[in-house]
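Student: Could we go through the labels on this one and check each against its cut-off?

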Amino acid sequence: MSSKITSVIVSKELLQISLIALFITGLLTAQITAVKIIELSFNFTVPFIGSSILFPAGVLAYAITFFASDCYTEFYGKDSAKKVVNIALFMNILMILLIWISINLPGTDMGVLPATFASVLGPSINVVLASLIAYVVSQNLDIWIFHTIRDQTSGTKLWLRNIGSTAVSQFIDTVLFIILTFLILPSVIGIGVSLPLSVILSLVLGQYTIKFLIAVADTPLIYALVSYITKTDIFEV
């Protein structure tokens with residue numbers, strides 16, 4: 001009996017650590033890879049978007065955070081998930097600080113040139129501020145919506161709380177990030193470059209389309225994980 005209890009505890013801990021690690025890995029990777037812009041072209045024109053979609057490469061990694069967050073909320077509850085979001089926020093700030101220190105330390109021509117290193121890893125202040133604000137708002141909103149739908153449906157309709165929470169929170173995240181980066185921060189405090197409203201609308205719709213499709217695509221993965229965990233009974237001693 002004691003060996004079974006030990007096995008269950010280790011399994012629960014392994015799941016918890018894995019989800020936290022996945023969440024933080026997705027968040028930090030998104031911050032670093034956001035400097036590359038991906039363009040997906042198609043042979044037709046979409047209203048307000050055009051014939052192609054532009055979005056940061058970081059969108060792909062950032063989508064992982066919502067998958068991990070929804071899974072974590074499902075297994076460990078709203079309060080515990082909020083703690084993970086707060087811890088990840090400080091890890092993100094720490095990473096940005098370490099990158100800033102690395103950029104400003106004296107460099108040589110050996111390895112990556114200092115200018116190249118700074119241009120790739122040194123995002124502008126408006127991007128950093130916008131991403132941090134959008135992150136805090138959207139991740140906490142995602143947890144709240146997921147938990148609310150779970151309570152209202154008595155724990156059923158996992159697909160609804162996954163897609164519903166991610167779809168709404170990702171939309172808020174996209175709107176906040178783009179409007180703050182390319183409209184509010186440049187005009188209010190003079191940081192960054194302002195873009196026309198038509199371009200901003202195109203960026204919002206393009207990025208959100210990708211994020212929504214990812215939210216739909218990861219639903220089977222959440223079902224598979226929940227089904228597996230349920231069958232192993234690791235939450236029952």
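Here is a short exchange on how those labels are earned.

Tutor: Keep in mind that this is a predicted model, where local features need pLDDT of at least 70, side-chain atom pairs count only at pLDDT 80 or more, and totals for chains, interfaces and linings use all residues. Residues are numbered from 1 along each chain as its sequence is written, and side-chain values use heavy atoms, with hydrogens and water left out.

Student: Why is Leu 105 called exposed?

Tutor: Its relative accessibility is 53%, and exposed means over 50% (buried is under 20%, partly exposed in between, with a 1.4 Å probe and protein chains only). So Leu 105 counts as exposed. Leu 105 sits in the loop between helix 3 (78-104) and helix 4 (114-121).

Student: And what makes Pro 56, in strand 2 (residues 50-56), buried?

Tutor: Pro 56 has a relative accessible area of 12%, so it falls on the buried side.

Student: How do you know that helix 2 and helix 8 are roughly parallel?

Tutor: Helix 2 (residues 58-76) and helix 8 (residues 219-232) pack at about 30°, axes 11 Å apart. Angles under 35 degrees count as roughly parallel, over 145 as roughly antiparallel, 65 to 115 as roughly perpendicular and the rest as oblique. Helix 2 and helix 8 are therefore roughly parallel.

Student: Why is helix 2 called oblique to helix 5?

Tutor: Their axes cross at roughly 40° and come within 10 Å, helix 5 being residues 125-152. That angle makes helix 2 oblique to helix 5.

Key:
Helices (H or I, at least four residues) and strands (E, at least two) are DSSP runs, numbered from the N terminus. Axes are lines fitted to C-alpha atoms, for helices over the stretch in contact, and angles run from 0 to 180 degrees between N-to-C directions.
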